[in-house]
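Colleague: Before I take any labels on trust, could you show me the model and explain how each one was reached?

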Amino acid sequence: MENKFAWIMTPNKPWDDKKEMITTALESGISYVLDLDDYDKIQKLGNVKIVANSDDADIYLVGINGEGDGSLILSEDLNQSQDLQEAKKAKGEGKTVCAYVEITDKNHEQLAVSLGSVVDYIILISTDWTVIPLENIIADLQKADVKIIAAVADEDGAKLAIETLEHGTDGVIFEANDFNQIKKIAQLVVDASKIKYDLK
């Protein structure tokens, strides 16, 4: 059983505050940081993997930033999705790619599954997982070689995402704006990995 993991999204705060949150995350064992502005500064903080919509990033991000159509409009034909095209192009260039999809309806659920078969990681965002059950997407992507990451608001959300079905998501991502929460979610992920290991 693979270990569960957590990533952070940097909060929209001044650099000094942001830096403290990232440092806390690193100390807690979270080394993947999604940031669209300060990745050059973040790289200086230590052994960090940057997830961003930039060629310099460790993991290339599609579907965020208003550039893709993940959260705006979907063409009738999923293969014409800008995000999908961009993901395929980046993969073709040998990049490690992460897609970011806001799940608001069945179309976005299908887009997530299409992207999931192309990218290495997929971040799923939803305001309400009862409407589009997370387990549907997990089940649809079970055969794809992709790590599924659920965007969560707090520790309870993280616990739910990791434990959905027997498989759960591979990881969670959350906005790092509270020291205690960073530590708690980091610990939750470590514990979840241990439990799965013991079951085996």
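Colleague: What makes you say that strand 1 and strand 8 are paired, and how do they run?

Modeller: This is a predicted model, and in it strand 1 is joined by five bridges to strand 8 (residues 171-175), the two running parallel. Pairing requires at least two bridges, so five bridges satisfy the definition. One of the bridge partners is Glu175 in strand 8, which is matched with Met9.

Colleague: How many bridges join strand 1 to strand 2?

Modeller: Three bridges join strand 1 to strand 2 (residues 32-34), again in parallel, and Trp7 stands opposite Tyr32 there. Between these two strands the chain passes through helix 1 (residues 15-27), making a β-α-β crossover that is right-handed.

Colleague: Why is strand 1 described as largely enclosed by the rest of the structure?

Modeller: Buried means under 20% relative accessible area, and five of the five residues of strand 1 (residues 5-9) are buried, so the strand is largely enclosed. In a regular strand the side chains alternate between the two faces of the sheet. Here both faces are covered, with Phe5, Trp7 and Met9 buried on one side and Ala6 and Ile8 buried on the other.

Colleague: Which residues have the most contacts inside the largest nonpolar core?

Modeller: They are Ile122 and Val172, in a core of 50 residues, to which helix 7 (residues 179-199) gives the largest share, six residues. Leaving aside residues up to four places away in sequence, Ile122 touches, among others, Ala99, Val101, Leu115, Leu141 and Ile148. Trp7 and Met9 are included in a second, separate core of 16 residues, along with Ile64 and Ile173.

Key:
Residues numbered from 1 in each chain as written. Predicted model: local features only at pLDDT ≥ 70, side-chain atom pairs only at ≥ 80, totals over all residues. Heavy atoms only, no water. Buried < 20%, exposed > 50% of the residue type's maximum accessible area, 1.4 Å probe, protein only. Helix = DSSP H or I, 4+ residues; strand = E, 2+ residues; numbered from the N terminus. Right-handed = clockwise from strand over helix to strand, strands pointing away. Core = buried A, V, L, I, M, F, W, Y, C linked by side-chain atoms within 4.5 Å. Contact = heavy atoms within 4.5 Å.
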